[in-house]
Amino acid sequence: MTSDNDRRRGLLARLRGRPVARSRGRRRLGAAVRLIAALTLAGGAYTVFAPGVQAQENPPLTGAAAEGKALFDVSCVTCHGRNAQGVEGRGPSLIGAGAASVEFQVGSGRMPMARQEAQAQRKPPVFTDEQVRQLGQYVQELGGGPQVPQGNLREGANLATGGELFRINCSQCHAFGGGGGALSSGKYAPSLHPATDRQIYAAMLSGPQNMPVFGDNQITPEQKADIIAYIQESLKADQDQGGFNLGRYGPSTEGLAAFLVGIVALVFASLWIAGKS
């Protein structure tokens with residue numbers, strides 16, 4: 001049998017344990033309440049500040065870009081889609097194309113295209129220089145990309161170096177005289193004679209049509225200046241010291257001229273010699 005002393009000890013032990021159990025329960029309940037309060041506070045803070053964060057991630061357009069967007073929505077959205085994301089079968093996405101691509105395509109009149117062809121042809125520009133700048137700024141702020149630097153693009157250029165770079169990188173398509181030439185699938189390398197400094201620079205940065213992209217890692221800005229100077233100051237001003245340039249179309253016209261003039265002259269000379277003998 002359990003003695004009265006043992007029962008008293010057990011009762012005292014149970015009485016001592018009750019406050020401990022109650023204290024632990026209160027701590028757990030307090031921790032749960034604090035956790036719920038913290039989560040509620042965090043959710044409320046996110047609800048209040050989330051619109052501000054989103055607004056910072058999508059900053060408003062500058063004045064020039066806003067004007068460019070108005071022009072884009074009227075003249076370009078049909079082929080390039082809302083927000084310049086492109087329309088399948090009509091026009092590519094312009095995200096990442098940069099202001100350089102816009103300056104070349106729109107500034108040279110190739111865009112907007114009159115119809116879908118193998119290659120956009122140069123024609124009188126639809127937009128003024130200021131409008132081209134605004135369109136380029138809109139595309140630039142929309143998705144970034146290469147930009148043509150401001151200022152004199154030929155400053156400190158070396159014509160001899162530019163000629164060497166041109167013959168290595170450009171003459172295969174644009175011909176040694178810059179008159180252009182035929183490519184595959186109905187495409188062609190255009191003549192460089194009507195191109196401005198900025199259009200040539202923009203073409204090297206953006207790589208339109210079949211032209212490869214010549215970024216600053218491939219051809220440095222200084223080398224681009226050399227090439228532009230060579231095209232503008234040497235090719236366009238060349239007096240053709242070697243004689244008649246035959247249109248500067250390359251070996252095709254030269255071969256035709258050699259056949260029509262040289263071979264025919266040799267035939268008549270042979271007939272004349274044979275008649276005399």
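Ser185 is an exposed residue, with a relative accessible area of 66%. In this predicted model, Ser185 sits in the loop between β1 (181–182) and β2 (188–189). Its backbone is worth a second look, as Ser185 has a positive phi of about 60° without being a glycine. Ala84 offers a second case of a non-glycine residue with a positive phi, again about 60°. Ala84 belongs to the loop between α3 and α4. Is Ala84 buried or exposed? Ala84 counts as buried, because its relative accessibility is 0% and the cut-off for a buried residue is under 20%.

Stepping back to the whole chain, the protein has 10 helices and 2 strands. Read from the N terminus, the order of elements is α-α-α-α-α-α-α-β-β-α-α-α. The chain has 277 residues, and buried residues make up 29% of them. It exposes about 17900 Å², of which carbon and sulfur atoms supply 59%. Among contacts with a separation of 6 or more, 59% are accounted for by residues 24 or more positions apart.

Helix α4 (98–107) is a good place to begin with the packing. It is largely enclosed by the rest of the structure, because 9 of its 10 residues are buried. These buried residues are Gly98, Ala99, Ala100, Ser101, Val102, Glu103, Phe104, Gln105 and Val106. The cover over them includes α5 and α8. After the helix comes Gly109, with a positive phi near 80°. Farther along, in the loop between α4 and α5, lies Pro112. The peptide bond from Met111 to Pro112 is cis, its omega being near 0°.

Helix α8 (residues 197–206) is likewise mostly covered, with 9 of its 10 residues buried. The buried set comprises Asp197, Gln199, Ile200, Tyr201, Ala202, Ala203, Met204, Leu205 and Ser206. Which elements help to cover these residues of α8? Among them are α4 and α9 (221–235). Just after α8, Gly207 adopts a positive phi of about 60°.

Helix α5 (129–143) allows a simple check of geometry. With 15 residues at 1.5 Å a residue, α5 should span 21 Å, and its end C-alpha atoms are indeed 21 Å apart. The expected figure takes 1.5 Å times one less than the number of residues, so the expected and modelled spans of α5 agree. Its buried residues are Val132, Gln134, Leu135, Gly136, Tyr138, Val139 and Gln140. Both α2 and α4 are included in what covers them. Gly144 follows α5, and its phi is positive, near 75°.

Leu71 gives a residue-level view of how α2 meets this region. Found in helix α2, Leu71 has a relative accessible area of 18%. That value places it in the buried class, because the class takes in residues under 20%. Once neighbours within four places in sequence are set aside, Leu71 is in contact with Cys76, Phe127, Gln131, Gln134 and Leu135. Two of these partners, Gln134 and Leu135, are listed among the buried residues of α5. Leu71 and Leu135 are 64 residues apart in sequence, yet their C-alpha atoms are 7.0 Å apart in space.

Several of these elements return at the largest pocket. Its volume is about 650 Å³. The lining counts 29 residues, and those nearest the pocket centre are His80, Gly91, Pro92, Met111 and Met113. Elements giving two or more residues to this lining are α2 (63–75), α3 (77–80), α4 (98–107) and α5 (129–143). Which element provides the largest share of the lining? That is α4, with 4 residues. Sorted by class, the lining is made up of 17 nonpolar, 9 polar and 3 charged residues. Met111, one of the residues nearest the centre of this pocket, is also the residue that precedes the cis peptide bond to Pro112.

Conventions: Residues numbered from 1 in each chain as written. Predicted model: local features only at pLDDT ≥ 70, side-chain atom pairs only at ≥ 80, totals over all residues. Heavy atoms only, no water. Buried < 20%, exposed > 50% of the residue type's maximum accessible area, 1.4 Å probe, protein only. Contact = heavy atoms within 4.5 Å. Areas by Shrake-Rupley, 256 points an atom, 1.4 Å probe, with all protein chains shown as cover. 1 Å grid on protein atoms, 1.4 Å probe; cavity = no way out; pocket = protein on both sides within 12 Å on 5 of 7 lines; lining within 4 Å. Points joined across faces, edges and corners; volume = space filled by probe spheres on them. Nonpolar A, V, L, I, M, F, W, Y, C, P; charged D, E, K, R; others polar.
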